[in-house]
Protein chains: 2
Amino acid sequence: MIGEIGHRSIAEMAQRAREAARRLASASPAAKAQALRRAAARLHGDWDALEAANRHDLEAAEATGLSKAKLDRLRLTPRVRDDLVAGLLQVADMPDPVGEVEGLTLRPNGLQVGRMRVPLGVIGFIYESRPNATVEASALALKAGNAIVLRGGKEAFGSNQALVRLLQESLQQAGLPAEAVQLVPTTDRAAILELCHLGGLLDLLIPRGGKELIELVQREARMPVLAHAEGVNHLYVDDGAAVDKAVDIAVNGKAQRPSTCNALEKVLVHAAAAPEFLPRLEAAMAQAGVELRGCERTRELLPGVKAAGEEDWSAEYLDLILALKVVDSLEEALAHIARYGSRHTEAICTNDHAHAMRFLREVDASLVLVNASPRFNDGFQLGLGAEIGISTSKLHAYGVMGVRELTTTKWVALGDGQVRE
Amino acid sequence: MIGEIGHRSIAEMAQRAREAARRLASASPAAKAQALRRAAARLHGDWDALEAANRHDLEAAEATGLSKAKLDRLRLTPRVRDDLVAGLLQVADMPDPVGEVEGLTLRPNGLQVGRMRVPLGVIGFIYESRPNATVEASALALKAGNAIVLRGGKEAFGSNQALVRLLQESLQQAGLPAEAVQLVPTTDRAAILELCHLGGLLDLLIPRGGKELIELVQREARMPVLAHAEGVNHLYVDDGAAVDKAVDIAVNGKAQRPSTCNALEKVLVHAAAAPEFLPRLEAAMAQAGVELRGCERTRELLPGVKAAGEEDWSAEYLDLILALKVVDSLEEALAHIARYGSRHTEAICTNDHAHAMRFLREVDASLVLVNASPRFNDGFQLGLGAEIGISTSKLHAYGVMGVRELTTTKWVALGDGQVRE
């Protein structure tokens, strides 16, 4: 019965979001920017109320024994607020993508044809604990002219409600429909399934969370899905690579922020490079507090390292753990990555131009790097600005998803009476 | 039991296609073009055998009482062959999209980042009677560096087998893996479900056929789907539109080839234009053999026209039938199109610049035209070349899908030791 009511109300929310999306699609760039600036101003103005809502969430989450790391992610601090304000202002200042026409060309019959960039419509966003994502995702969706239906995590529910109210009021103050941003009022799993089954009402579903959530959404969704999935990311250290750089890149990739999806999880090293590289890597990783696990050949060179099991090759540790494997050739490295990689971020360290080009071309991942840290797979680092996630789906957006990835193009044709022969 | 065996063998086919796709992704542009040219040559060289296989299909189909129109679509004539040959040579001559790098820019830290165009991987293509589609879809997939698994219609099975054999031999002669093109060996409905459930093995599924097939695939698929769906296409004739041009566009849209998805199905006319426009349209449509159905207000002006029912507004006739409705404003036309249109092809005939711009911007369809026939929604007509279908899904490709729409981009980064601060 509750499910039934929940179903009706989520479908109704999506229906209202569709109507809001239709209005938003033709909103002026100035009105959208104004709504984003209002929201930035209110994050300061309404801070006490936001902090109170967040404190309430934190107390409840602490009582259920949520881990320290998750509590930290849940907390709205002045620093988080200032980052959100800077993000909102940056998105407000970006060029508005909607209505841009690309490649308007003249056909032989005088018909002008091109592609106009337009919003997707209504986006469903399913995410977990961090309440920042509520503001970041909504800002990108609005800039792109879309409505968004948010289904956040249970722990952040009160914080998300307060943030959505703030966003809705900012929209209204800019003369835009408040229902362009809505929060699903329940946080149970049934709400996820209901969103998945709203084919025809949602144009896109973006799940961001654990593997189980992603797989559930991919299986159940009746609409396109852009999955922000796990990163089983490799660095291949080639024969002849600059060892200092390779060690620096590996340490940066693993230890700079190990809990992110673009962190390094595995190092493959060419057998000829291993005797020099592995001991230096071991020393640097020990200093960074990283636990190493190795294949048999690694352990011949580094006897103190624990043995890696088959499960290590496909694990996303998101922790200070790194698995090492010695390979005999670039081909072996490519085959290993094709088998165990998750198409997220893959890097090579090499001085061999042909190897660099082959790795770039043949590795199937959302970002392939030569002689640089996998941690660069990030919207700001790649020069795109704010992002709503990193897609490992290949269709539409492969890699970081910013404002442009939340739009599409339709064809337009301008004639003066042309008919087909 | 048969299903079980079928399942294993379709999954195995897809697995072999994945391996072929990996080889094809790094194939040279010259080898791919050579395979396409070989196939073109063999369509002439092997013509007798192809014709015999097709004759066998035609005889069997005739015995089951297939309609004349469907038999025509099934028939491989010298003209169909010559069109296929021209299409193969055109695709062979197109620039190869794979490996192109767009927008390589330098980040402040010296890292060069850009997007490299790459194949999607393995495409599943589910289609109905015309055997031409076997060659056209395979050619586009190959040019884009993809493998393709084909599931054609029952009636064309023998013709499809012969064509796939020809394509496979052409691939081999060019040193490319024959298994890049494969035909599912059964044509039952279970094979469609099996393809839909091959998540992880197929990167994209393209269903091309009736509404029921599209909906089945959208519901069951575990991978992205680009649906080539129905076209409930409108022409809105504005107050002040050039009546001659409006009549010409309507007749061309409806009667030039009524069985296609880009044919015109409805005309909406502003009340102020109706008294002049409708009688002239009636006369022209009578000459073209088109049956008209109208709303009450249309029938006040054209008393001989049959009444349109509610079901007429959402019908895709694909026949010499056209429904007419009088509206009071551009707003009413926009609302009608938003409610009943299928996001395929929508046109306005107007002399009012603001109305033209508003229609262009606000109508959500894969092609929006001003003062031109909806029949231009076609790859060749829009300057794209051969197409595998017209997508009414908004993600990835909205509208005609050619070679480029069968690729994606991944990010690439070229560094010399950069790490993240």
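Buried means under 20% relative accessible area, exposed over 50%, and partly exposed in between. I kept that cut-off at hand because B:Leu318, at 33% relative accessibility, falls in the middle class as partly exposed. One caveat before the rest: I am working from a predicted model.

**Entry 1: odd phi values**

I started with B:Leu318 for its backbone. Its phi is positive, about 55 degrees, although the residue is not a glycine. Most residues other than glycine have a negative phi, so I noted where this one sits. B:Leu318 is in the loop between helix H13 (310-313) and strand S11 (321-327) of chain B.

B:Arg343 goes on the list too, with a positive phi near 65 degrees in a residue other than glycine. I found B:Arg343 in the loop between helix H14 (330-340) and S12 of chain B. With a relative accessible area of 24%, B:Arg343 is partly exposed. I also met B:Arg343 in a salt-bridge network, where it is linked with A:Arg18, A:Asp203, B:Asp364 and B:Lys394.

Then I checked a hairpin in chain A. Strand S1 (residues 101-106) and strand S2 (residues 112-119) of chain A run antiparallel, joined by four bridges. A:Val101 has A:Met116 as its bridge partner in S2(A). Five residues lie between the two strands, and A:Gly110 in this hairpin takes a positive phi near 90 degrees.

**Entry 2: strand S12 and its neighbours in chain B**

How many residues of strand S12 (residues 345-349) of chain B are buried? I get five of five, so the strand is mostly covered, a residue being buried when under 20% relative accessible area. B:Thr345, B:Ala347 and B:Cys349 point one way, B:Glu346 and B:Ile348 point the other way, and all are buried.

I looked at the pairing next. Strand S7 (residues 233-237) of chain B runs parallel to S12(B), with four bridges joining them. There B:Leu235 is partnered with B:Ala347. S12(B) also pairs with S13(B), in the parallel sense and over four bridges. Opposite B:Ile348 in S13(B) I find B:Val370.

**Entry 3: two buried residues**

A:His344 sits in the loop between helix H14 (330-340) and strand S12 (345-349) of chain A. Is A:His344 buried or exposed? It is buried, at a relative accessible area of 0%. Not counting residues up to four places away in sequence, its contacts include A:Glu230, A:Cys261, A:Asn262, A:Leu367, A:Asn377 and A:Thr392.

B:Leu140 lies in helix H6 (residues 132-143) of chain B. B:Leu140 counts as buried because its relative accessibility is 0%. Leaving aside neighbours within four places in sequence, I list B:Val91, B:Ala386, B:Glu387, B:Ile388, B:Val403 and B:Leu406 as its contacts. B:Glu387 is 247 residues from B:Leu140 in sequence, yet their C-alpha atoms are 7.6 Å apart.

**Entry 4: where A meets B**

I tallied the interface next. On each side 75 residues take part, 75 of chain A in contact with 75 of chain B. The area buried between the chains is about 6,100 Å², with carbon and sulfur atoms giving 53% of that. The rule finds 44 residue pairs in polar contact across the interface, both residues at pLDDT 80 or more. Which element gives the largest share of chain A's side? Strand S16 (residues 407-418) of chain A does, with eleven residues. By type, that side of chain A divides into 36 nonpolar, 19 polar and 20 charged residues.

S16(A) pairs across the chains: five bridges join it to strand S13 (residues 367-372) of chain B, and the two run parallel. One pair I noted is A:Val412 with B:Val368.

I count six salt bridges between chain A and chain B. In one I looked up, B:Arg115 and A:Glu405 have their closest N and O atoms 3.1 Å apart.

**Entry 5: salt bridges within the chains**

Over all chains, the search finds 58 salt bridges. I picked out A:Arg297 and A:Asp328, which meet at 2.9 Å, N to O. This pair links distant parts of the chain, with A:Arg297 in helix H12 (residues 296-301), A:Asp328 in the loop between strand S11 (321-327) and H14, and 31 residues separating them. Both are partly exposed, A:Arg297 at 32% and A:Asp328 at 46%.

In chain B, B:Glu291 forms a salt bridge with B:Arg293 at 2.9 Å between the closest N and O atoms. B:Glu291 is partly exposed at 31%, whereas B:Arg293 counts as buried at 15%.

Conventions. Residues are numbered from 1 along each chain as its sequence is written. Chains are lettered from A and ligands numbered from 1 in the order in which they are written. This is a predicted model: local features need pLDDT of at least 70, side-chain atom pairs count only at pLDDT 80 or more; totals for chains, interfaces and linings use all residues. Side-chain values use heavy atoms; hydrogens and water are left out. Contact means heavy atoms within 4.5 Å. Buried area is the accessible area (1.4 Å probe) that two parts lose on being put together, summed over both. A salt bridge is a side-chain nitrogen of Lys or Arg within 4 Å of a carboxyl oxygen of Asp or Glu. A polar contact is a pair of N or O atoms within 3.5 Å; within protein, one must be able to donate a hydrogen and the other to accept it, and residues adjacent in sequence count only if both atoms are side-chain atoms. Ala, Val, Leu, Ile, Met, Phe, Trp, Tyr, Cys and Pro count as nonpolar, Asp, Glu, Lys and Arg as charged, and the others, Gly among them, as polar. Two strands pair if DSSP finds at least two bridges between them. Buried means under 20% relative accessible area, exposed over 50%, partly exposed in between (1.4 Å probe, protein chains only).
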